[in-house]
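Biologist: Could we go through this structure together, one part at a time? I would like to begin with how the helices pack.

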Amino acid sequence: MTLKICVAQLNFVVGDMAGNAQKIIHCAQEAYAQGARLVLTPELSLCGYAAEDLFLRPSFMAACDDALKTVSHALAGLAGLHVVVGHPTGESHRTRSVSVQQRFNMASVVCEGRVVAAYAKRELPNYQVFDERRYFTPGQAPCVFEVQGVRVGLLICEDAWFDAPAADVKAAGAELLAVINASPFHVGKGDEREQAMRGRVNATQLPLIYAHLVGGQDEVVFEGRSFALNADGALAARAPSFEACQFNITYTAGAVPVMQGEVAAEASLESDLWHALVLGVRDYIGKNGFPGALLGLSGGIDSALVLAIAVDALGAHRVRTVMMPSPYTAEISWVDARDMAQRLGVRYDEVSIVPEFEAFLGSLKADFEGTQLDTTEENIQARIRGTLLMALSNKFGAIVLTTGNKSEMATGYCTLYGDMAGGFAVIKDVAKTLVFKLAHWRNANDPFGTGAEPIPERIITRPPSAELRPDQTDQDSLPPYEVLDEIVSRFMENDQSSADIIAAGFAPADVEKVTRLIRINEYKRRQSPVGIRVTHRSFGKDWRYPITNKFRA
């Protein structure tokens, strides 16, 4: 006996219950016509993941209930088709002082116009970007349903990372594990998932299908890469990463059941990271209705990288660049910025900030009398640029993409209301050393056909500089990026103490400087734009540190 299964690896939009329902209906109808009798949608597919405090609104929950009915009724005539739909359900009510919740993260199985089985997620993650215990009550009971003689056990995302839920569905008679998911991307996460699910297969001796979401949602990206494992843990099928698709798998019953499907190739770290950043930009701008993007192009590597990402995400016709030279801008910065804009075919304008800078200094002359030039004058230049970009954004509607990287965000090597001014921080979670790697990778690859070698080689090889004072380079103020980024990774991403980092061989002065900068610049990061998360710990929902804080270990 053979069962054809379709994973609806689709890009859903938070809060668009009607649109999401139609995507599920259309996918299920197509899959049915191709012989599928089981369709798996991702976790919370009806409402999108994650809806955050929308879950607390009764009207939102009611709209989700209505959307489930819409899906069920629309597919009622497809005999024998079972569709697993991820959705929230339940309600909350408030007493005088306490809000009582009874909401569940659900997977409902709809067949021939009715819900024939339902499962409430048991393990609710409450770490990193996850906050599910704020919204949901844990489920208790296993769920097993039958499709064409195959008994399918349902799990939802985090459930499959623990022993008990899978063991319980096996005890209830499951022959196949179906796991629906919304698991945010970070570098290396795809392999981590496959290894974790292989452990679940080995423990239960059951084959497993992992149905995953694709798309960008605020700071997180979901890369798809759904997959299937046979009962011996061998990879049976894998969907493409960062692509919406209907992923088809064939399950053949027998003494040793076998699953088969296409196997997408593994990609390099840089390739995955590039596609995640492109998808994050495309969905943030597209789902929020911005007509295009705008950025300041400096002739440096960070803005060059953001421009290349933006063009791959949106096309050259939706991206505008502005070069805003100061009194300290080097001639080669003009040349390189013009060169890159021409290579990618984007609109390029030059607006000098010299008149505005002189006007500011004139207005402040009496107050600054007798003082030395310092970061004050540097920040004025950055804030003039930020004001000009935001004015263009206000006038024409394009969102400003900021160009600061994670190394700068960590150490405060950025100007509040200056280069931090904007709507979306594309490389906020990309360390400077990785910026260079991505630039080299993109010059050697053209994944979206927008142009080979978009970044002039001199932009990559020049010493990085903010160009806000004569002969300035980043390393005047910071340790070498190889050292800086490793200290940031150890301290911020992996919670190592200063003593641990010094014991690993780093100079005490460098460790003290970098960790101090991380601590004292929290107030800046709180006011920075949302940006794409690509590591297991980003400056966003992953990082919740007090601004007022005397702890120093």
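Modeller: Certainly; please keep in mind that this is a predicted model. Helix α5 and helix α12 (residues 432-444) pack with their axes 10 Å apart, at an angle of about 90°.

Biologist: How is α5 placed relative to α12, roughly parallel or roughly perpendicular?

Modeller: An angle of about 90° makes α5 roughly perpendicular to α12.

Biologist: Which residues meet there?

Modeller: From α5, the residues are Leu269, Glu270, Ser271, Leu273, Trp274, His275 and Leu277. They meet Leu434, Lys437, Leu438, Trp441 and Arg442 in α12. By class, this contact of α5 with α12 has 7 nonpolar, 2 polar and 3 charged residues.

Biologist: Why does the length of α5 agree with what a helix should span?

Modeller: Helix α5 covers residues 269-287, which is 19 residues, and at 1.5 Å a residue it should span 27 Å. Its end C-alpha atoms are 26 Å apart, so the two values agree.

Biologist: What comes just after α5?

Modeller: Gly289 is found just after α5, and it takes a positive phi of about 80°.

Biologist: Let us change to another pair. How do α1 and α2 cross?

Modeller: Helix α1 (residues 17-33) and helix α2 (residues 58-74) cross at roughly 20°, and their axes come within 9 Å. That angle makes α1 roughly parallel to α2. The crossing of α1 past α2 is right-handed.

Biologist: What sort of residues form the contact of α1 with α2?

Modeller: The contact has 10 nonpolar, 3 polar and no charged residues. Among those in α1 are Met17, Ile24 and Ile25, and the residues they meet in α2 include Phe60, Cys64 and Val71.

Biologist: What is unusual in the loop before α2?

Modeller: Two residues deserve attention. The peptide bond from Tyr49 to Ala50 is cis, with omega near -5°, and Ala50 is placed in the loop between β2 (38-40) and α2. Glu52 lies in that loop between β2 and α2 as well, and its phi is near 50°, a positive value in a residue other than glycine. As background, most peptide bonds are trans, and most residues other than glycine have a negative phi.

Biologist: Now the sheets, please. What is the strand order in the sheet of 6 strands?

Modeller: The order is β6-β7-β8-β9-β12-β13, in an open sheet with mixed pairing. β6 (144-147) and β13 (235-238) are at the edges, each with a single partner strand, so one side of each has no neighbour in the sheet. From one strand to the next, the twist averages 20°.

Biologist: Which strands there run parallel, and which pair in the antiparallel sense?

Modeller: Strand β8 (residues 176-180) and strand β9 (residues 208-211) run parallel and are joined by 4 bridges. Val179 stands opposite Tyr210 in β9. By contrast, β12 and β13 pair in the antiparallel sense over 3 bridges, and Ala228 has Ala237 in β13 as its bridge partner. The hairpin of β12 and β13 has 5 residues between the strands, and in it Gly233 takes a positive phi near 90°.

Biologist: And the sheet of 5 strands, how is that one ordered?

Modeller: That open sheet has the order β18-β17-β16-β19-β20, with parallel pairing. β18 (347-350) and β20 (424-425) stand at its edges; each has a single partner strand, so one side of each is left without a neighbour in the sheet.

Biologist: How many bridges join β16 to β19?

Modeller: There are 2 bridges between strand β16 (residues 293-296) and strand β19 (residues 399-402), which run parallel. The bridge partner of Ala293 is Ile399 in β19.

Biologist: Which helix lies across β17 and β18?

Modeller: Helix α7 (residues 331-344) lies across β17 (319-323) and β18, and it runs at about 160° to β18.

How values were computed. Residues are numbered from 1 along each chain as its sequence is written. This is a predicted model: local features need pLDDT of at least 70, side-chain atom pairs count only at pLDDT 80 or more; totals for chains, interfaces and linings use all residues. Side-chain values use heavy atoms; hydrogens and water are left out. The expected span of a helix is 1.5 Å times one less than its number of residues. Axes are lines fitted to C-alpha atoms, for helices over the stretch in contact, and angles run from 0 to 180 degrees between N-to-C directions. Angles under 35 degrees count as roughly parallel, over 145 as roughly antiparallel, 65 to 115 as roughly perpendicular and the rest as oblique. A crossing is left-handed if the near helix is turned anticlockwise from the far one by less than a right angle, and right-handed if clockwise. Contact means heavy atoms within 4.5 Å. Ala, Val, Leu, Ile, Met, Phe, Trp, Tyr, Cys and Pro count as nonpolar, Asp, Glu, Lys and Arg as charged, and the others, Gly among them, as polar. Two strands pair if DSSP finds at least two bridges between them.
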